[in-house]
Amino acid sequence: MKKLFIAAFIFVSTFTTNTFAEVKMGIILGFTGPIESLTPAMAASAELAFKEASDSGSLLDGETISVVRADSTCVDSAAATAAAEGVIAQGVAAIMGADCSGVTGAIASNVAVPNGVVMISPSATSPGLTALDDKGFFFRTAPSDARGGQILANITKDRKIKSVAITYTNNDYGKGLADVYAAAVKAHGIKVTIISAHEDGKADYSSEVATLASAGGDAVAVIGYLDQGGKGIIQGSLDSGAFDKFILSDGMIGDSLTDAFGKDLNKSFGSMPGSMNEKTAGTFASVAKAAGIDSSGPYTGESYDAAALIILAMQAGGSADRASIAKNVMDVANGPGTKIYPGELKKGLDLLAKGKKIDYEGATGVSFTSVGEAEGSFLEKEIKGGKFKNKKQR
């Protein structure tokens with residue numbers, strides 16, 4: 001009887017392990033640091049896609065996903081690299097992340113690519129990442145700042161700004177976007193009075209603001225982070241009366257900024273990747289709301305899409321093997337095939353299981369360039385009544 005019980009136990013255990021195996025996925029975002037107010041919703045959006053796939057019962061014949069989170073810090077490449085090493089050591093199939101451009105490049109070059117692990121970043125936008133020697137393992141659902149800077153310059157022109165001071169956070173993201181933006185506004189005939197870097201993590205930015213104020217301008221473009229130096233520049237500008245109109249990069253857009261300054265920012269505007277398309281962004285907003293997620297902040301849709309692409313690429317190759325995922329990301333992202341929208345991952349998984357082709361549209365209308373980065377669209381944002389509002393899609 002005892003032998004029969006043991007044999008039955010082994011049978012059940014083996015059956016459970018093989019049929020309902022667990023796939024580990026990494027999520028690496030700046031849970032501390034200059035964008036820490038944005039990352040909880042980004043992580044939750046990615047986890048929503050992973051949960052959707054797990055609950056479907058259709059992923060690789062019933063496999064489920066568990067998430068391993070790690071902190072990129074957004075700014076400390078050594079800490080981000082160490083965090084990624086820890087995640088990969090736990091056997092993750094792929095990584096949703098990282099977020100900020102510098103740490104994303106460091107993780108990709110030092111850890112993910114050498115280990116053959118796919119990374120899909122929802123928010124790393126530096127133009128320099130386009131030329132990353134990624135061996136086909138790095139993708140991003142956010143468009144490059146090569147386009148984002150041009151869009152922000154177009155909005156600046158349309159809002160009849162004649163002269164602008166520019167300050168940027170002194171890293172890959174800030175410098176890359178500032179260079180593109182400055183060249184684009186100059187091409188529109190707008191005078192750039194100064195281009196000045198600022199460091200994050202300072203208690204006082206009065207010196208930086210004084211430098212910007214001495215150069216003058218109709219507005220100051222703040223290319224930085226809403227929970228760090230960018231916020232400090234705005235605080236110093238308002239306190240001194242140096243500027244009352246701010247042009248905001250994507251890293252500056254979030255409720256924590258308007259919660260801090262409210263109607264003092266009413267003349268300000270900016271842009272971030274995003275869409276007002278009801279079929280993509282509208283559907284995702286509804287799906288996210290049902291799950292208790294506020295999807296109005298930057299890069300929530302991109303995070304859901306990054307996770308969804310990993311899931312669908314896994315199904316397309318019939319395996320959680322890292323190389324197989326890398327091989328199939330572009331196919332599920334760019335079709336041709338049945339279009340798949342937010343909340344339809346089971347549909348996509350079932351079609352792929354039958355050998356059918358899909359074209360994942362997702363929350364952001366996913367379409368990749370030849371190097372695996374989103375072509376993307378942008379939202380023109382303005383602050384009215386002390387709150388960020390969508391003006392239009394660009």
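The following numbered points comment on a predicted model.

1. Sheet architecture. The model contains an open sheet of 7 strands with mixed pairing, and the strand order is β7-β6-β8-β9-β10-β13-β14. The edge positions are held by β7 (191-198) and β14 (387-393); each has a single partner strand, so one side of each lacks a neighbour in the sheet. From one strand to the next, the twist averages 25°.

2. The β13 and β14 pairing. These two strands run in the antiparallel sense and pair over 6 bridges. Within this pairing, E382 stands opposite K389 of β14.

3. The β9 and β10 pairing. Strand β9 (residues 246-248) pairs with β10 in the parallel sense, over 2 bridges. The bridge partner of L248 in β10 is G270.

4. Environment of β10. Strand β10 (residues 269-273) is mostly covered, with 5 of its 5 residues buried. In a regular strand the side chains alternate between the two faces of the sheet. In β10, F269, S271 and P273 point one way, while G270 and M272 point the other way, and all are buried. Burial in this strand is therefore found for residues pointing either way, on the criterion of under 20% relative accessible area.

5. Aromatic pairs. A pair of aromatic rings is described by the distance of the centres and the angle of the planes. The structure holds 3 aromatic pairs. One of them is formed by F139 and F368, with 6.0 Å centre to centre and 20° between the planes. This pair counts as stacked because its planes are under 30 degrees apart. The pair links distant parts of the chain, 229 residues apart: F139 belongs to strand β5 (residues 138-140), and F368 to the loop between β12 (358-360) and β13 (378-384). F139 has a relative accessibility of 5% and so counts as buried; F368, at 3%, also counts as buried.

6. A tilted aromatic pair. F284 and Y304 form an aromatic pair with 5.2 Å centre to centre and 50° between the planes, which is classed as tilted. F284 lies in helix α10 (residues 278-290) and Y304 in helix α11 (residues 300-317), so this contact ties together parts 20 residues apart in sequence. The relative accessible area of F284 is 4%, and the residue is buried. Y304 is likewise buried, with a relative accessible area of 0%.

7. Helix α11. The helix that carries Y304 can be checked against its expected length. At 1.5 Å a residue, its 18 residues should span 26 Å, and the end C-alpha atoms are 26 Å apart, so the two values agree. Of the 18 residues of α11, 16 are buried, and the helix is therefore largely enclosed by the rest of the structure. Just after α11, G318 adopts a positive phi of about 65°.

8. Lysines over aromatic rings. K202 lies over the face of Y205, at 5.8 Å from the ring centre. K279 lies over the face of Y341, at 4.8 Å from the ring centre. For the K202 and Y205 contact, a reader should bear in mind that the distance cut-off is 6 Å, against a value of 5.8 Å.

9. Disulfide. A disulfide is a covalent bond between the sulfur atoms of two cysteines. The count for this model comes to 1 disulfide. C74 is joined to C100, with an S to S distance of 2.0 Å. The angle about the S-S bond is -90°, and the link is left-handed. C74 is placed in the loop between β2 (64-71) and α3 (77-89), and C100 in the loop between β3 (94-97) and α4 (101-112), so the bond ties together parts 26 residues apart in sequence. Both cysteines, C74 and C100, are buried.

10. Further buried positions. R140 is found in strand β5, the strand that also holds F139. R140 is buried, with a relative accessible area of 0%. Its C-alpha atom is separated by 22 Å from that of L248, and the two residues are 108 residues apart along the chain. A182 is found in helix α6 (residues 172-187) and is buried, with a relative accessible area of 4%. Between the C-alpha atoms of A182 and P273 the separation is 19 Å, with their positions 91 residues apart along the chain.

Terms used. Residues numbered from 1 in each chain as written. Predicted model: local features only at pLDDT ≥ 70, side-chain atom pairs only at ≥ 80, totals over all residues. Heavy atoms only, no water. Phe/Tyr/Trp six-rings, centres within 6.5 Å; stacked < 30°, edge-to-face > 60°. Helix = DSSP H or I, 4+ residues; strand = E, 2+ residues; numbered from the N terminus. Buried < 20%, exposed > 50% of the residue type's maximum accessible area, 1.4 Å probe, protein only. Lys NZ or Arg CZ within 6 Å of the ring centre and 35° of its normal. Expected span 1.5 Å × (residues − 1). Disulfide = S-S within 2.5 Å. Pairing = 2+ DSSP bridges. Axes fitted to C-alpha atoms, helices over the stretch in contact; angles between N-to-C directions.
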